[in-house]
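Visitor: I am new to this structure and would like to know what the terms used for it rest on. Please show it to me before we begin.

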Amino acid sequence: MGKKIQNYDVVVIGGGITGAGVARDCAMRGLRVVLLEAFDITHGATGRNHGLMHSGARYVMSDPENAKECIRENRILRRIARHCVEETDGLFVSLPDDDLDYQRRFIKACLKAGISAEELAPDEALAIESSVNPKLIGAVRVPDAAIDPFRLTIANVLDAQMHGATVLTNHRVTGILVESGTVAGVEAESKDGKFTFLAPVVVNAAGAWCQQIASLAGVTINMFPARGALLIFGHRVNHMVINRCRKPSNGDILVPDDIVCVLGTTSNRVPIEEIDNTCVTAQEVDLLLQEGVKLVPSLERTRILRAYAGVRPLVALGEDDSGRNISRGIVLFDHKERDGLDGFITITGGKIMTYRLMAQKATDLVCRKLGVTAVCATATRPLPGSEPVAEPDDDEEVENTMSFAHRAALGRHGTRVEMISEDKPEQRALVCECEHVSHGEVNYAIKELKADSMEKLRRRTRLGMGTCQGKMCACRAASLFSQADGDVERHVSDLKMFLNERWKGIRPIAWGSALSEAQLSAMTYQSLCGIDRINYSSPTDSDKQ
Amino acid sequence: MANKTHNFFISNNDGNFEQCLKCSICTVYCPVSAVDPLFPGPKQAGPDGERYRLKNPDFYDESLKLCLNCKRCEVACPHDVRIGDIIQRARLQHSPHKPGIRARLLASTDLVGRWATRLSPAINTAISLKSSKEFGHQMLGIHKHYDFPTYARQTFVKWFEKNALPQQGGFEKKVVYFHGCHVNYNDPAPGMALVRVMNKLGYGVELIDDEKCCGNPFMANGMPQRALQLAFRNMNSLRQIANKGLEVITTSSTCTFTIRDEYKFVLGLDNADIRDKVSLATRFIFKKLEDEELELPPVRPDFKIRIAYHTACHMEKLGWAFYSANLLRQIPGVELVMLDSLCCGMAGTYGFKTENFERSQKIGQPLFNAIKEANVDAVVTDCEMCHSQIAMSTGMKVLHPIEILDMAFS
Amino acid sequence: MKFSTIIIGGGLSGLTAGITLAEQGQRVAVLAAGQSRLHFTSGSMELLGYNAKGEQVDCPLDECRSLPASHPYQKIGVENLASYAQMAKKLFANAGIEVVGYETMNHIRLSPIGVLKPAWLTLGDYITANMARQFPFQSVLIANIAGYIDMPTPFLKSAFEKCGVKCRVVEVKTPMLENLRRSQTEMRATNIARVLSEQSAVDQLSVEINRSVNREQAILIPAVMGITDNSIVQYLRRMVTRPLFCIATLPPAVTGVRLQSRLRKYFLSLGGTYMLGSTVREANISSGKILSVAAANLPDQKLKANNYILATGSFMGNGLIATQSGVIEPIMNLDVDAPLDRELWTAENLNESQPYMEFGVKTALGLHPSIDGKTITNLWAVGAVLSGHNPIKLADSSGVDMLTALHAATEIIQTEKNR
């Protein structure tokens, strides 16, 4: 980053899935785009949800329009983001406390919205998904799936970059430049200093932080952020998405995600000042477990790896600040029309499922403002990693010669796994044993995915996300970083921060094996290694919150 | 009879592997990864791999076949993770390869044994012939350096019926003997010793009408359904015996371990009612002595022997080496050297296989060295397969603890 | 089965007690659920490394006097610590374990990531510094094994340089070690140690090390040698052209396995019974005394003794179990020092003092635990299962393990004499 002032057609603020999608769409339409993210991509709600690929069924009763959008996008994502999606299908399960009449209405609503919904007898449901509570009284099969938000966002970022976009993490937007009623660009700062990005259009895709960003431009948006807490279990208990067939409530959805499963979620309105607080309370954990066990009884004896919370970026329509008129659908503000500020766009609301559509709507508006006529192609072009593969037969043969770690990486990087070398023994050696992340994959993440800190490495590879939560691998990875750039102090501080970040998620569920594991980890890193005695004066990594 | 739909793996997925703290202690004690880097080690093959296999069975890796099922990882694990069982189940559940002729031959100890004993002189000559060893090595993958156990001229059961059965009615106390395939077909000596010793101690010995192979070789060779059939039949027999209020004793640590633990944790069967009815003879005797229900008969005055006790892997897992060793220590004239508990590398039929032979010998080397250094008259072990391996690899005389008792009392 | 003393737990604490009692001719059984925490240790023992304020302690014995009354050292009497520390050192010598260090003056050990920590005793293999953080060499060569990733050499190099010691890092390869690299995961310290248990492998290594060394005064290698004793390390020392020392690695720790195995062997040689894989699940207790215990793998076998020692460790040893709603001692449901409210167990910052680290079995009088306030008179709790101290913040875990065990053993010997 040499130049302090740079020119673009459009600045996108926010490195969540929405921002990444907008950057990709803009870049594909030939615009010069820069994406600015204060921390890392997927730092906000994108990296803090249950990874459900909605069929729309979950909202079909409350918001059929939204549901229709979902099923359309669902079909698109299965094509363009193959490697981020696992086609698990979903079950909506009625338990003895639930109302079968609700199930009947639910099926009707699904079919009306174009979502296939097959009613199953309890024993049929148990036969295809054995983890579900055997006391169920009814079940409906819907085309839900699991989607990995990290992979999806990274693939969008990669594709944006491949189309010429600049993506800058650890760049916090500090000001929005306005000249005579029109936006002229933004000011941002990073550890390398202050920068100005000039552009005629600025897209605010900052999720829960939209209100803050808008205020920099003197525009008022009333966010009504809702906090949702979730639990990650140590392995896959279920193979299908399991929902409770009732009005969405606490602890009523269990989504398989790679080799773990995620129980969601609670929903609590939080004041805007608290959106950075992602700690989960013991009460939230107990509530989730109490409800989750009803849905899938074996959760009671399944180890919990961590608890986390995300903040849904819900927004009030218009200037309503009462919270009565809140949208759960896509919200696109052209602030010229709304507030008389040209060149400023806010895209928010919605959900991961509909990110592409959100990006398309936002980019269409950007193009209108810039007088560009290029059309959106994001629905048809596969994302990097999801390109079609020639013959399934060949595919199988290739996989068979792959090492275990390579096969694990195939799930994470799709076709780009070819870029991970396994030729030399040092590339094959596993760094993270729980998640099977090889040294070669770490190198790939550093080089190709711009991972320059432990947290970034984790989001790009799953390193440290497994059973031991970084106990075996964190020190190995920090050492590899140090070998690469020689900055020992930075990487030791980063290691310490990473372990503390892991601890945040372990704390609320620190009992049983999780507490024993944490103690072993503490005995390793603190008692044996003495990392708690290291205090370098100024941690330089701006990943720190 | 085995229920075709019995789902031996799902019924047993109790999430035990989640107790793993990733401490890697198990890796320290794996005899295979110590000599072969291609085995991913118990942590990777067990709990770490299991998480992936639960997502997608394609993550099953054929290198798991290198596991000996020695369970030393489980003994080392401070958190009671059944690592060996996880690996064993994964093999039975996911291995894409159908067992071949060799696997069937090695596993079918009962069937092969029945025919072989009838033809034993011819078979034993054939087994020892260089040409047939070469045939076995080339065609069947049974290593030519291996002395495949020879077959006895007369099965143990035949011997028992002819020579021992008539006297057994004369005892007030009775005990049932599960002899196992090896005693019956290959080496009846420990069985004969057992009958004499138990008679000396005042117990009449009965055999089981319908004794079947315990099933362990079928589990090890990828034939779970067959193992299940055998397990059902044995459990049936054992239940009937238990109902009569009789106890079952054995001389094979592996048969005992299989019935007690593998039926439950690998095959997923409920054996709670018979589990504690099956015990090793040494443990049975030790406990009767301890409870003062028995007294040792006089030992012949000239009896003097220096022996080294080898703890078989499954004895280590049972935690029962204590009983055999301490029973032997009570015999006047016995000088006992306790060898460090190490795997001999044989692991049932594992060491027979051509591709495993070298690995098997490497695994056993530290034990063989220790035996050579121990300077003893004989090695004593409760496992018939350790017996074969140690005898072949060290040239030492190998005996069963009950044979020592038999020698002392006669 | 009847013993004088049954010890539940086979780690440093349990074996220390077991050896001490067996040396006095007692019939002792150690029941161990699995292998112990020694497998994660550094090769050093700590008596007291830091005081309550977090300051480095030079003279641990002196500083122990100012520990709070809840600390296990106070419970066994600080006036006894000097003699127990001497006994501990003698125990190592008897077991054939070579250690250096004094209870009157700490020294500095080098942690795997290059932090300098105070220690009481260190195995002779390792490089140490004095309390002024001076190493005995001005320049060192770190010769890591190529492919071994559990020793972060950049961190260590930086640590040496901060102490004014010149440091160069090389990676050495030998054919026998390269073979091990075919494994993606099993290039662990203990597996390397198994390769390096053969002289031929060490010969190859020494050639490579000698080829790499320039003007450095000493050679440092990761502690990946000598799983049963240190003779192979001594052999390598003779083969290389400079003084050679080890650096502690991340777990599994070869010298920890060695300590465990030497202590166990010594215990067995004294006639002790060591049952591995025997998890004690229950105890038969009547009117304040244990009558017998039973292990999971020895059903219907009553294990009886006059005296019992509980050396089961903390949470990671399953000596304590935390549930969603409380902390329990799982074998006898002994009274524990731990609040019910889960939110009080942990602190937000990982590096702060974590309350759960101080949880443990409550002992009112000396080391005797209680059930519902009623003391169990023939039971002693020793080591990490005890409450009242934070082993991380005070750096006192091996000291507590050994000295409380020695205290219990001493009391038991006295009790038996009076019998």
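**Domains, contacts and burial**

Guide: In chain B, 26 Å separate the C-alpha centres of domain 1 and domain 2. This is a predicted model, in which local features need pLDDT of at least 70 and side-chain atom pairs count only at pLDDT 80 or more, while totals for chains, interfaces and linings use all residues. Residues are numbered from 1 along each chain as its sequence is written, and chains are lettered from A and ligands numbered from 1 in the order in which they are written.

Visitor: What makes 10–94 and 305–409 domains of chain B?

Guide: Domain bounds come from an automatic or database domain assignment. For chain B that assignment gives 10–94 as domain 1 and 305–409 as domain 2.

Visitor: How many residues of domain 1 and domain 2 of chain B take part in their contact?

Guide: Domain 1 of chain B brings 11 residues and domain 2 of chain B brings 10 residues. Two residues are in contact if their C-beta atoms, placed from the backbone, lie within 7 Å, so these residues are counted on that basis.

Visitor: Which classes are found on the side of domain 1 of chain B that touches domain 2 of chain B?

Guide: That side has six nonpolar, one polar and four charged residues. Ala, Val, Leu, Ile, Met, Phe, Trp, Tyr, Cys and Pro count as nonpolar, Asp, Glu, Lys and Arg as charged, and the others, Gly among them, as polar.

Visitor: Why is helix 21 of chain B called mostly covered?

Guide: A residue is buried if 20 or more other C-beta atoms, placed from the backbone, lie within 10 Å of its own (exposed: 12 or fewer; partly exposed: in between). Seven of the nine residues of helix 21 (401–409) of chain B are buried, so the helix is called mostly covered. Among the buried residues are B:Pro401, B:Ile402 and B:Asp406.

Visitor: What makes 401–409 of chain B a helix?

Guide: Helices (H or I, at least four residues) and strands (E, at least two) are DSSP runs, numbered from the N terminus. Helix 21 of chain B has nine residues.

Visitor: How many residues of chain A and chain C are in contact?

Guide: 41 residues of chain A are in contact with 38 residues of chain C. Helix 17 of chain A gives the most to the chain A side, with 11 residues. By class, that side divides into 21 nonpolar, 13 polar and seven charged residues.
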